[in-house]
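Please find below a colleague's note on the structure shown here. The points are numbered so that each may be taken up separately.

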Amino acid sequence: MAAQCVTKVELTVSCDHLLDKDIGSKSDPLCVLLMNSSESKWYELGRTEKVQNCLSPKFAKKFVIDYYFEIVQKLKFGIYDIDNKTIDLSDDDFLGELECTLGQVVSSKKLTRPLVLKNKSPAGKGTITISAEEIKDNRVVIFEVEARKLDNKDFFGKSDPYLEFYKQTETGWQLAHRTEVVKNNLNPTWKPFRIPLQSLCGGDMDKPIKVECYDYDSDGSHDLIGIFETTMTRLKEAERTSPAEFECINSKKKQKKKGYKNSGVVSVKLCQVVKEYTFLDYIMGGCQINFTVAVDFTGSNGDPRSPQSLHFISPQGVNEYLSAIWSVGNVIQDYDSDKMFPAFGFGAQIPPTYQVSHEFPLNFNPSNPFCAGIEGVVEAYRVCLPQVKLYGPTNFSPIINHVACFAKQAVQQTTASQYFVLLIITDGVITDMDETRNAIVNASRLPMSIIIVGVGGADFNAMEFLDGDDGRLRSMTGEVAMRDIVQFVPFRQFQNAPSQALAQSVLAELPQQLASFFSLFKLKPPHEPNHS
């Protein structure tokens, strides 16, 4: 009997008095959450945003976890001072951690504990506070907000405003959302954003909501422009023709200045409450996931006959490519109704003419590249390998564009009926970076995701760049990806981990990517999900 997920829990994290590891400025902290259930291995569940120059950060990004009442779910919150662009945290300064169980957090609702270093000694005076709340409401609020005549707080240039939305709790105000910063503008328009109704007001339309407007400063000393309080009932009156308007009040300025009116006006043009379908709602409501596998057959992998090659099949019948296909494919095939997977290779010279090809079917049948189940993909790979010559260059864009063609046809539909996932298994060396960036930015508007599993020990900086977790990917013309659709996972990090750990990490972002695409385009499941 599989464990029953009792509920989803949202965790909000803040820290105080962190160690200062930066000379001349303050630490730039980020929180990473690791989880451990039953096995001795920790795996990453997610990360917050990085907060610049701040020793007492409030993280806006929340962690949502499935809470299983009957399993001890060990959690480890690690705080790091981020000094570079890489995803790997081992080269960032460690500021302390807390180990606890999800049960402890849930039962205390709000847990404050000292942070400790790896040797268990205190991390200075650093503490971490975690608040837990059960998610009972699946509605989200879509906002479109602008402001005008904000106070200028900058000596040179104009203010760089951003907003923070706070929810009222028994123990004070809790950060629910932080917008992006609009640079050098006293009349900013923020990009549309969404806040779960639960995070904003716990579903209570009359509960006070506090909004603070700040001028961003890179040294972390953000200046308060002004504050207002409101409720969802009042915000919902907003319409594009008659926005809901709020005066930002700065109480210090109000006391000092005679005839003070306000520090600017925040104008809410749209505040719409919509039902947010989850990944499972879409699957149970009839959405089909179509998986395509692409295997890297370029020369940088090494000659398949040599034991040093990533394509060398050991006497036990395995190599990293096969292990990656198995472990990811096994999870994926549960969601694919017909279990027929198109499988392609790229970067090899193929028979009969030995022309180089950047998308050839592993079964050499262009009219029917489908393999039956993951076993079929593995079998096609084994049969194909001795017949091709590894070559180059390593071009990702043809296969991305190939899958994007199918996803584009699916866009014509009026419901969330099809989603496409491309799994690329590669040694990470890429030749057509510019074309690949363009292909990914185009695909970000389509119902598709790309999962890249990196095998071998090469430098995967290019793959991490495509993953776009630290900022949206841009095409060569500067066009920004509509959403982050690439998930990169280095296979070697999971060599000693239980087999499900790789799949968990690889598929961690997929449910969110699928659900966010369909909600962005306001597409509902083909039929109402029945959760019985």
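**Notes on a predicted model**

1. Glu 237 is partly exposed, its relative accessible area being 46%. Its salt-bridge partner is Arg 234, and the closest N and O atoms of the two residues lie 3.3 Å apart. Arg 234 likewise counts as partly exposed, at 32% relative accessibility. It should be kept in mind throughout that this is a predicted model.

2. A second ion pair joins Glu 320 and Arg 492, with 2.8 Å between the closest N and O atoms. This pair links distant parts of the chain: 172 residues separate Glu 320, in helix 6 (residues 320-332), from Arg 492, in the loop between strand 26 (486-490) and helix 11 (499-506). Is each partner buried or partly exposed? Glu 320 is buried, because its relative accessible area is 12% and the limit for burial is under 20%. Arg 492 is partly exposed, with a relative accessible area of 39%.

3. Salt bridges with shared partners also unite Glu 49, Glu 164 and Arg 178 in one network. Over the whole structure, the search finds 18 salt bridges. As general background, side chains of opposite charge can pair when their charged atoms come close.

4. The salt bridge between Lys 167 and Glu 133 deserves separate comment. The N to O distance between their side chains is 2.5 Å. Lys 167 belongs to strand 10 (residues 161-169) and Glu 133 to strand 8 (residues 122-134); the two residues are 34 residues apart, and the pair links distant parts of the chain. Lys 167 is buried, with a relative accessible area of 3%, whereas Glu 133 is partly exposed, with a value of 24%.

5. Both members of that pair reappear at a pocket. The second largest pocket has a volume of about 630 Å³. It is lined by 24 residues, of which Lys 109, Ala 132, Glu 133, Glu 134 and Lys 167 are the closest to its centre. Strand 1 (7-16), strand 8 and strand 10 are the elements that give two or more residues to this lining. Sorted by class, the lining has 10 charged, 10 polar and four nonpolar residues.

6. Strand 10 leads on to the neighbouring strands. It runs antiparallel to strand 13, to which seven bridges join it; Pro 161 stands opposite Asp 215 of strand 13. Strand 13 also pairs with strand 14 (residues 223-230), again in the antiparallel sense and over seven bridges. In this second pairing, Tyr 214 stands opposite Leu 224 of strand 14.

7. How many residues of strand 13 (residues 209-215) are buried? The count is seven of its seven residues. On one side these are Ile 209, Val 211, Cys 213 and Asp 215, and on the other Lys 210, Glu 212 and Tyr 214, so that both faces of the strand are covered, burial being taken as under 20% relative accessible area. The buried residues thus include Asp 215, Lys 210 and Glu 212.

8. An open sheet of three strands, paired antiparallel, has the order 20-19-23. Its edge strands are strand 20 (355-357) and strand 23 (389-390), each of which pairs on one side only. Strand 19 (residues 348-350) is joined to strand 20 by three bridges, and the two strands run antiparallel. Ala 348 has Ser 357 in strand 20 as its bridge partner.

9. The largest nonpolar core contains 53 residues, and Phe 297, Leu 362 and Phe 518 touch the most other members. Separate from it is a second core of 31 residues, among them Leu 422, Ile 440, Leu 446 and Val 486.

10. Finally, the interior holds two cavities of 30 Å³ or more. The second largest of them encloses about 50 Å³ of space. Its lining consists of Phe 291, Thr 292, Val 293, Val 328, Gly 329, Ile 332, Phe 341, Ile 374 and Leu 423. Strand 17 (288-296) and helix 6 are the elements that give two or more residues to it. What is the make-up of this lining by class? Seven residues are nonpolar and two are polar, with no charged residues. The lining of the second largest pocket, described in point 5, has 10 charged residues.

Note on methods
Residues are numbered from 1 along each chain as its sequence is written. This is a predicted model: local features need pLDDT of at least 70, side-chain atom pairs count only at pLDDT 80 or more; totals for chains, interfaces and linings use all residues. Side-chain values use heavy atoms; hydrogens and water are left out. Two strands pair if DSSP finds at least two bridges between them. Helices (H or I, at least four residues) and strands (E, at least two) are DSSP runs, numbered from the N terminus. A nonpolar core is a set of buried Ala, Val, Leu, Ile, Met, Phe, Trp, Tyr and Cys residues joined through side-chain atoms within 4.5 Å. Buried means under 20% relative accessible area, exposed over 50%, partly exposed in between (1.4 Å probe, protein chains only). A salt bridge is a side-chain nitrogen of Lys or Arg within 4 Å of a carboxyl oxygen of Asp or Glu. On a 1 Å grid over the protein atoms alone, a cavity is a set of points where a 1.4 Å probe fits but cannot get out, and a pocket is an open set with protein on both sides within 12 Å along at least five of seven lines; lining residues have an atom within 4 Å of a point. Grid points are joined across faces, edges and corners, and a volume is the space filled by probe spheres set on the points. Ala, Val, Leu, Ile, Met, Phe, Trp, Tyr, Cys and Pro count as nonpolar, Asp, Glu, Lys and Arg as charged, and the others, Gly among them, as polar.
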